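Please lead me through this protein model, from the packing of its helices to its internal space and its backbone. A formal account in running paragraphs would be suitable.

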Amino acid sequence: MKFLFVAATAIATASAFTTSPATFTTSVPQVGGVSNVFSNEGNAHRTRRSTIVMDGKANAIRDRISTVNNTKKITSAMKLVAAAKVRRAQDAVLATRPFSETLQSVFGGLINRLGGEAADLPLLTQREVNKVTLVSITGDRGLCGGYNSFMIKKTEARFKELTAQGIECDLILIGKKGITYFKRREYPIRATYDCTQNPDSKQALSISEEIINSFLSGETDAVELLYTKFLSLISSTPSVRTLVPFSASEISQQGDEVFQLTSENGNFGVERKELDVAEPQDFPNDMIFEQDPLQIVNSILPLYLNGQILRTLQESVASELAARMQSMQSASDNAGALSKQLNQEYNRARQASVTQEILEIVSGAIALE
């Protein structure tokens with residue numbers, strides 16, 4: 001009875017793991033004859049089906065592989081979208097360059113014509129600094145590496161440095177990430193603005209009007225701009241510059257540079273080009289101006305400030321997009337490496353499951369002999 005029970009158990013086990021009746025065959029070789037173990041080999045291969053892994057661990061790994069591959073597709077698409085937006089930012093910088101050159105040329109010519117008289121203009125007057133307004137540019141969204149955190153830390157460090165010197169400070173914040181951070185910590189905030197992916201002159205004009213009104217009304221004695229200077233797709237530097245009061249020599253003698261997005265062998269790159277200073281426009285001494293040259297210069301300065309803010313906004317957006325490109329590339333690489341590792345684990349689990357099934361079937365067949 002015990003033998004019959006063991007035989008029945010073996011037959012049940014064998015039938016549970018056999019995909020078709022003809023998949024595995026057994027026979028007992030005759031003495032002095034040829035074995036018939038593989039006599040039905042052709043029929044077995046014709047009816048055999050692929051092994052289905054029913055192990056819970058293997059199924060979980062397979063689902064995770066699918067999730068990782070989908071994530072890789074998303075990050076790769078986000079990288080390409082960021083690259084397209086970087087090219088659009090590049091075109092915007094190039095489009096504003098002729099206006100900046102003309103403005104710089106006219107300003108340089110008027111300064112040469114006026115000489116020392118231009119020093120009396122309010123926006124060119126240096127005064128004792130008791131209060132400074134910091135204009136900080138961050139992004140509206142994340143997924144861009146350390147772009148936002150670097151700019152926030154730079155702003156905090158500058159704020160603490162000026163406060164330690166006994167200089168009062170307040171903030172003009174551009175970008176939701178910076179606004180959220182400094183509002184939670186109750187920093188003195190003068191104004192806030194969103195930083196869109198496509199900054200325009202209207203946005204720059206509202207910021208420049210706030211800066212000029214604060215300076216001319218005496219609410220602040222200097223305004224410093226903190227932004228991210230775009231160097232390359234893998235490098236950007238938090239920078240600080242003084243916006244107002246202006247320096248006549250800096251406006252008329254400062255050069256410029258433009259960047260251009262390139263691609264070679266499927267890899268993105270950036271080429272930077274230094275531009276010479278625009279030659280001052282020649283105004284003869286006998287030229288009669290319809291308006292006073294001082295009024296013309298005083299009207300040019302807000303336009304210059306507006307152009308500088310628009311340029312820094314475009315450069316900050318380009319830096320954010322480049323950081324996002326790099327982050328998405330790293331995420332895609334990590335997803336590929338993780339998918340490869342999970343595939344290896346899945347194959348090991350599948351092989352272990354198949355091996356276990358074969359061992360159980362062979363054990364059952366041996367028990368029948």
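In which hand, left or right, does helix 6 pass helix 8? The crossing of helix 6 with helix 8 is right-handed; a crossing is called right-handed if the near helix is turned clockwise from the far one by less than a right angle, and left-handed if anticlockwise. The model is a predicted one, in which local features need pLDDT of at least 70 and side-chain atom pairs count only at pLDDT 80 or more, while totals for chains, interfaces and linings use all residues. Residues are numbered from 1 along each chain as its sequence is written, and side-chain values use heavy atoms, with hydrogens and water left out.

Helices (H or I, at least four residues) and strands (E, at least two) are DSSP runs, numbered from the N terminus. Helix 6 covers residues 201–216, and its axis lies 8 Å from that of helix 8, at an angle of about 125°. Such axes are lines fitted to C-alpha atoms, for helices over the stretch in contact, and the angles run from 0 to 180 degrees between N-to-C directions. Helix 6 and helix 8 are therefore oblique to each other, since angles under 35 degrees count as roughly parallel, over 145 as roughly antiparallel, 65 to 115 as roughly perpendicular and the rest as oblique. Among the residues making the contact (heavy atoms within 4.5 Å) are Leu205, Ile207 and Ile211 of helix 6, and Leu305, Ile309 and Leu313 of helix 8. This contact comprises 10 nonpolar, four polar and no charged residues. Here Ala, Val, Leu, Ile, Met, Phe, Trp, Tyr, Cys and Pro count as nonpolar, Asp, Glu, Lys and Arg as charged, and the others, Gly among them, as polar.

A second pairing joins helix 4 (residues 147–164) and helix 5 (residues 176–184), whose axes come within 10 Å and cross at roughly 45°. These two helices are therefore also oblique to each other, and helix 4 passes helix 5 in a right-handed crossing. Helix 4 contributes Asn148, Ile152, Thr155 and Glu156 to the contact, and helix 5 contributes Lys177, Gly178, Tyr181 and Phe182. Three of these residues are nonpolar, three polar and two charged.

What of the internal space? One cavity of 30 Å³ or more is found in the whole structure, and the largest cavity holds about 60 Å³. Its lining includes Lys85, Arg88, Pro199 and Val317. Helix 3 gives the most to this lining, with four residues. A cavity is a set of points, on a 1 Å grid over the protein atoms alone, where a 1.4 Å probe fits but cannot get out, and lining residues have an atom within 4 Å of a point. Grid points are joined across faces, edges and corners, and a volume is the space filled by probe spheres set on the points.

Two loops complete the account. The peptide bond from Val244 to Pro245 is cis, with omega near 0°, and Pro245 sits in the loop between strand 5 (235–244) and helix 7 (248–253). Leu143, in the loop between strand 1 (131–137) and helix 4, has a positive phi, near 55°.

Definitions and conventions:
1 Å grid on protein atoms, 1.4 Å probe; cavity = no way out; pocket = protein on both sides within 12 Å on 5 of 7 lines; lining within 4 Å.
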